[in-house]
Amino acid sequence: MGIAPATDDGSTKVQDQHAYFKVNNLRKLFPLNKRGQFWGKRQYIHAVDDVSFEIKKGMTYGVVGESGCGKTTLARTMMHLEEPTSGEMLFKGDDITKFNRKQMTSLRRQMQMVFQDPYGSLNPVRTIHNIVAEPVRVHSIFDNKRDEIDKVREMLEVVGLPSDNQTLEKRPNEFSGGERQRIGIARSLILEPEFIVADEPVSMLDASVRADIISLMRRLKQERDLTYFFITHEFGMARAICDRIAVMYAGRLVEVANAAAIVDHPLHPYTQLLIDAIPPLIPDENWGKTIPEGEVPYFTVPPPGCRFNPRCYKADELCRSEMPELIDYRNGHYVSCHHVSGPGQIKK
Amino acid sequence: MPLLEVTDLRTHYYTEAGPVKAADGVSFTLEKGESIGIAGESGCGKTTVAMSLMRLIKGGAVVGGKIMLGDLSLLDMEMDEFRKVRWERISLISQAAMGALNPVYTIGSQIVEAIRTHQQCSKKEAWDRARGLLSQVKVDPSRVKNFPHELSGGMRQRVMIAMALACDPDIVIADEPTTALDVVTQVQVLRLLIDLQKRLDLALIYISHELSVLGQACDKIIIMYAGKIVEMGPTAKIFSEPKHPYTQKLLGSLMDIHAAGAFPESIPGQPPDLIDPPKGCRFWPRCTTGEAICETEEPALVEIEPGRFVACRQLNKAINE
């Protein structure tokens, strides 16, 4: 038994670990149904706008942002669930941007997704056996039922669920939210992929269950040598499990750094805002008084300048007219802010 | 006399398998101007308590207990009379702002309707009042003509707050008012709610599964587990010296962003089945310090210090000795 690598040359290309997954100038626009005017140009929402980053093998790369910032679109585009408008994506050196359906199908044996909603992402009328086995059936991995059922049992055990016949015949509504998310993870891992895109895998679960799922994911990462791309709106969650964190605002990355650096020394005013918005563990009646009004905008015509400038307490003329570049401030701590003017320099 | 006194409230939901004892002997008091937070995992009965106070239980009934609002016994009132209490004296901010607002009416007309159903006033007065309420919740008053879908999630939740305040209630129940919102918006709405509560001297019942949010918003905290109160006391005490093992575990499952490498702990196991709850302490199957007696005998909610209540046999024994 066991699953062969998806491509014959798959194992030989891994070696350059700097380019495990690389995204260059990725852009995803969604057309709006209504035109400005009847004869006007079609309008677009800039969901992901000129995003570049790279993920090294074995790391957990986190993207933090509020809803509407484009983080889910980014994850879905990386999985080819959305077609990118422009830019390129390289997976282990292969340019997967223009992969066709067939090529993507074989690539999905190496890249899988864990979804946010453990209630909506499992088909309620199918049994757990059928749900978990679906990927191996799509890819015609086994030619007999016995091997398939053994593999399903193995996966259920891996995620900490019982694997007896009774469990296999249950349906999703007989499980709690945490157990459902485990089933979702078992389904994602059954093809033995190496790269997992997890879109808010615990945000719909109770705090007491979250920690369980996160430690399961950490254990699986070690045991199976996985690389994670982890989307979350909770900075605390990202800090606890990610090696590197990117903060996204209105379709763009505003700050990218190692987890400890970004939490202890946030440079971008938006990152600071997100960290200030976390309720402290010791009650503080003044908490939240410094949080300014305003919400994440989306743009059909992006305004000139920094996207955050209308909400930023540091904003000046330059911020309103010119888009800041993402620059290396110090040792791989990247930030896109005019008030961080060069390596190691911050304008007050 | 407290503003609101809930004694031994018991609410059941009816299912084919038998009644689900969602709230099972809940007692607490609320003073004028006081804010009280109710915390617990999903299914612990916190929303059931809120819905029982509003007499909005669906698929079940309040089967026992007493709810006194001043001299009024809310559970004994006829529904027609109770409708005057609902909204005029106790109002509700619900979790899903999109579902609670009617998508085909402007937000102004919905606020006006709430005002005119309960109070005698002209249309013009009601519209003026609607604009006043919107500016009170920091929404531009010109938005009265907008439909719910034209507002952001944060603004819709503010409109819900405005509606809850429309008839000058004494008590506002906020059921997970910020849970569906983004982190930054959550702080803005929470801050607004705290400021309004202080300024209008409202009594607030704030329900949330996020203990850290309650810590900032409430004077007093109630921890519920499997339909019962396990601990209750002043917020600072609950955070600094949690007594019940469940409270301790709940605090341990919070994430501390600034503690390097610290990882929150989970609470192994699951809440019990409320159709046939455990005989003794309901937390016993998940408790790490429990003893044999906890399995068979239910602990009472004991006042260990003035205003501080805990339902744990271990603790009560330690105090008695």
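Trainee: Which residue stands opposite L69(B) in β5(B)?
Mentor: Strands here are DSSP runs of E, at least two residues long, and helices are runs of H or I, at least four residues long, both numbered from the N terminus. In this predicted model, β4(B) and strand β5 (residues 72-73) of chain B pair in the antiparallel sense over two bridges, and DSSP must find at least two bridges for strands to pair. In β5(B), the residue opposite L69(B) is L72(B).

Trainee: Happy with that. What conventions should I keep in mind for numbering and confidence?
Mentor: Residues are numbered from 1 along each chain as its sequence is written, while chains are lettered from A and ligands numbered from 1 in the order in which they are written. Side-chain values use heavy atoms, with hydrogens and water left out; as the model is predicted, local features need pLDDT of at least 70, side-chain atom pairs count only at pLDDT 80 or more, and totals for chains, interfaces and linings use all residues.

Trainee: What phi does G70(B) have in the turn?
Mentor: β4(B) and β5(B) form a hairpin, with two residues between them. G70(B) lies in that turn, and its phi is positive, at about 60°.

Trainee: Moving along β4(B), which residue there is the bridge partner of Y13(B)?
Mentor: Strand β1 (residues 4-15) of chain B pairs with strand β4 (residues 60-69) of chain B over eight bridges, in the antiparallel sense. The β4(B) partner of Y13(B) is G60(B).

Trainee: Is S91(B) buried or exposed?
Mentor: S91(B) sits in strand β6 (residues 90-93) of chain B. Beyond residues up to four places away in sequence, S91(B) touches M54(B), A164(B), P169(B), I171(B), V172(B) and I173(B), a contact being heavy atoms within 4.5 Å. The cut-offs are under 20% relative accessible area for buried, over 50% for exposed and in between for partly exposed, with a 1.4 Å probe and protein chains only. At a relative accessible area of 0%, S91(B) is therefore buried.

Trainee: What radius of gyration does chain B have?
Mentor: Chain B comes to twelve helices and twelve strands. The globule rule, 2.2 Å times the number of residues to the power 0.38, with the radius taken over C-alpha atoms, gives 20 Å for 321 residues, so chain B is as compact as a globular protein of that length, with a radius of gyration of 21 Å.

Trainee: What share of the residues in chain B is buried?
Mentor: Along its principal axes, the C-alpha trace of chain B spans about 65 × 55 × 40 Å. Among the 321 residues of chain B, the buried share is 54%.

Trainee: Over to chain A: which strands stand at the edges of its eight-stranded sheet?
Mentor: That open sheet has mixed pairing and the order β6-β7-β8-β3-β9-β10-β12-β11 (chain A). Each edge strand has a single partner, so one side of each is left without a neighbour in the sheet; the edges are β6 (111-114) and β11 (327-330) of chain A.

Trainee: And which residue in β9(A) stands opposite Y61(A)?
Mentor: Strand β3 (residues 60-64) of chain A runs parallel to strand β9 (residues 244-249) of chain A, and four bridges join them. Opposite Y61(A) in β9(A) stands R244(A).

Trainee: Finally, what is the mean pLDDT of chain A?
Mentor: pLDDT is the predictor's confidence in each residue, from 0 to 100. It stays under 50 over residues 1-17 of chain A. Still, 89% of the residues of chain A reach 70 or more, and the mean pLDDT is 86.
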